[in-house]
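Dear colleague,

I am handing over the structure we spoke about, and you will find it just below. My notes on what was found in it follow, beginning with charged side chains and ending with a pair of helices.

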Amino acid sequence: MDVNNDESLSDDDQQELFISFPFEVQKAIDQVLPSKDPLDKPDFNTIDYINTLFPTEQSLANIDDVVADMEGKIVSIDEDISTVVRTQTTASQDGRQALEESQKLIKQLFVHMRDVKERAEKSEEMVREITRDIKQLDCAKRNLTLAITTLNHLHMLVGGVDTLKTLTQKRLYGEIALPLQAISEVMAHFENYSDISQIKSLSDQVNSIRFELAEQITKDFHQAFTASAKVTLPSKQLQQACLVVSALDVKVKNDLLKWFVDLQLVEYKHLFQSTEDTAWLDKIDKRYAWLKRHLLEFEERLGTMFPQNWEVSERIAVQFCNHTREELSALMQKRRHEIDVKLLLFAIQKTTNFENLLSRRFSGVTVDVDKANETFENSVWNGIIGGCFVAHLRIYIDSVDRNLQDLIERFQQDEKLNFTTETSDTQATVIPSCADLFVFYKKSMIQCHQLDKSQSMLDLTKVFQKYLREYAFKLLQNNIPKIEQQPQLKGSVQSLTRDLPRISTSGLMQNFSSLLKEGEITRFTKEEQTKVCCILTTAEYCLETTQQLAEKLKEKIDKDLAEKIDFTNEQGHFQSVIANCIQILVQDLENACEPALTTMSKIQWQNIDSVGDQSPYITALTTHFKTTVPVVRHCLSNSRKYFTQFCIRFVNSFIPKFIQTIYKCKPINTEGAEQLLLDTHMLKTVLLNLPSIASQINRQAPAPYTKVVNKGMSKAEMILKVVMTPIEPAKAFVDQFLKLLPESQQSEFVKILEMKSVKRQEQASLIELCKRVESKN
């Protein structure tokens, strides 16, 4: 039994039955108090609920039970509500009591914290009182310690000054070194007391003693070495004096060493002055021999006189190098016209060897790096003398230029330029002169790098570029065989083609061979083909090696000049040679195929009465492929990418020519078109296998090559299929043309009509029809 909402309750009454909560509240209630009771649902509807309890009139029989059950639930809910209300009342009273307790505790805590703060302030004040006394005691201790230390230093200073005066007068250098060093350290403590007269007086006395010692020791050295630059035995007194000098101002040591080193080189400067024969470059090794001999003698006689950290032997060597570099620079500038490359390289080699010897013998701590040749980074000794040759390295560069010019001329006259091969199985190899050229380049680069890493290396690079271009033109490009101009077919061929209409089909096939021979032209021999391949592989080797050369030069030259190394143009010349070699091979094979294509166009295709095997011109083409391609493939077996380029270039050029020859086969009947279609299919099969033709290894042709062949030859086949299509009905013929040759030009449609011998008037209507159909599509 359904209860009607309209009859039982008004809209206002129904609205009062619903209690609506916000979505978030209802979601929280469902999570906390999950229930399946329909009375707990937020969208509870009383009417629907009553209809559920009493779906039929018969169900009203138990209405009393349902009402009793509902009343029981109401009583239960009322009791639950009363319990909750009482609980909330008790909880409110407990909360107020807890709040009062908390407030009491907070007040107690506040009082306690105030007491703690007061105690902390009292403790801090007590600590300050205690530390104040400690600080005063600590300060007094420091002052007392400083006073005692100062008094001790002053006592040492007063006593030390008197002692130094006595020792200086007696020249007891062995007993002076340590006291002098100690007094110098003590004086450092009195720098802030220089305004005190007593301290200033002591300081002046110490400085006077130091000055007196400097003059006295310098005078002793001068007296010891006045008569001669050598002494028989090291003087112990002078040895001890050096220890004293180490404790004096560094200028004293430097001045003494400069004088002594200059004294050691007096003999050298006299023997090798610019007016002497020994001064010139051809005697440069004598200079270095003098220093080696002198250093051995010096270390044997005087080596123990000087402290080891003075590096006296190294200082002599450094001064020798500086003087030698300056002398050689001036001398070479004066006698510039007398320097040739042989003499220059001799001097550089001897100098480099000597600098290497110095780098192994000495650490270089005394070398003035600012004055050394900064071009050399391996060692401070490298270039310390050799830097003087950099200004004259143009002589070396010019020599390299002349040598390369002679080398190119010798290459041109060399018998190695004969590219003929003794055996048919010989692969194309790199021309030997190419390897010789780059070996010379490598040696020159290494040698120049040892001399200079800046402008000279850049000049050498320009020379390299010059002769790479000359090699590309004179040795490679100019030696590529030339193809003779293709001759025209003779009159006998023309007369034969005029007689073809009177010859039967079988007779026509028999006369193909004689017809093909008439059109033969001069072709490359196998040796010439091999020669072209040799030039190609040589250009490839030069291309790769030139790239490596550029990278090596960039490593060798100074970093700020590396960006100027650029061999792009030279690489372009070798790429051009490679392209020309491939093109000349393609052209040679095309010329071989030309007579067959000419014969194909001269056949009277309208007289063909039956379809047989492939035509002789296809056999002739296949024969040319089998003769030429294996030779090129074998010669370029180590350059497969260029062999692939050769094949692709050939079919890209040959297939369009073949299609144009198809258009020349006019007029043509159906049987002729079928024969030509058969020939085209056979040629397509041959071309697809062209890269592996006549090879024992059946290697799959590269995908780009196969794509070119399929596209081109498929067009040729479609042209012939259109030719085989009847003209009538015209609409079907035009549809077939547009379907099979969708990318063709209007001119090709005309050529097909001419092959079918369609009259001019009919051609015009068909062309118009083709335009209309094509425009609709």
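I begin with D459, which counts as buried at a relative accessibility of 15%, since the cut-off for that label is under 20%. Please keep in mind throughout that this is a predicted model.

The side chain of D459 forms a salt bridge with that of R394, at 3.4 Å from N to O. R394 belongs to helix 14 (residues 394–413) and D459 to helix 16 (residues 455–476), so this pair ties together parts of the chain that lie 65 residues apart in sequence. Unlike its buried partner, R394 is partly exposed, with a relative accessible area of 39%.

Helix 16 also carries R469, whose side chain meets that of E570 in a salt bridge with an N to O distance of 2.7 Å. This pair, too, links distant parts of the chain, given that E570 sits in helix 21 (residues 568–602) and that 101 residues separate E570 from R469. Here E570 is buried, with a relative accessible area of 3%, while R469 is partly exposed at 31%.

A local pair can be set beside these two. The side chains of E555 and K552 form a salt bridge at 3.6 Å, again from N to O, and because E555 and K552 are 3 residues apart in helix 20 (residues 526–556), about one helical turn separates them. E555 is exposed, its relative accessible area being 56%, and K552 is partly exposed at 38%. Returning to R394 and D459, salt bridges with shared partners join these residues and D398 into one network. By the rule applied, the count of salt bridges comes to 18.

The remaining point concerns the packing of helix 24 (residues 670–688) and helix 25 (residues 703–723), whose axes come within 9 Å and cross at roughly 175 degrees. Because angles over 145 degrees count as roughly antiparallel, helix 24 is described as roughly antiparallel to helix 25. On the side of helix 24 the contact includes A673, L676, L677 and T680, and on the side of helix 25 the residues include Y705, T706, V709 and N710. Taken by residue class, the contact of helix 24 with helix 25 divides into 12 nonpolar, 5 polar and 3 charged residues.

With best regards

Technical notes. Residues numbered from 1 in each chain as written. Predicted model: local features only at pLDDT ≥ 70, side-chain atom pairs only at ≥ 80, totals over all residues. Heavy atoms only, no water. Axes fitted to C-alpha atoms, helices over the stretch in contact; angles between N-to-C directions. Helix = DSSP H or I, 4+ residues; strand = E, 2+ residues; numbered from the N terminus. Parallel < 35°, antiparallel > 145°, perpendicular 65-115°, else oblique. Contact = heavy atoms within 4.5 Å. Nonpolar A, V, L, I, M, F, W, Y, C, P; charged D, E, K, R; others polar. Salt bridge = Lys/Arg side-chain N within 4 Å of Asp/Glu carboxyl O. Buried < 20%, exposed > 50% of the residue type's maximum accessible area, 1.4 Å probe, protein only.
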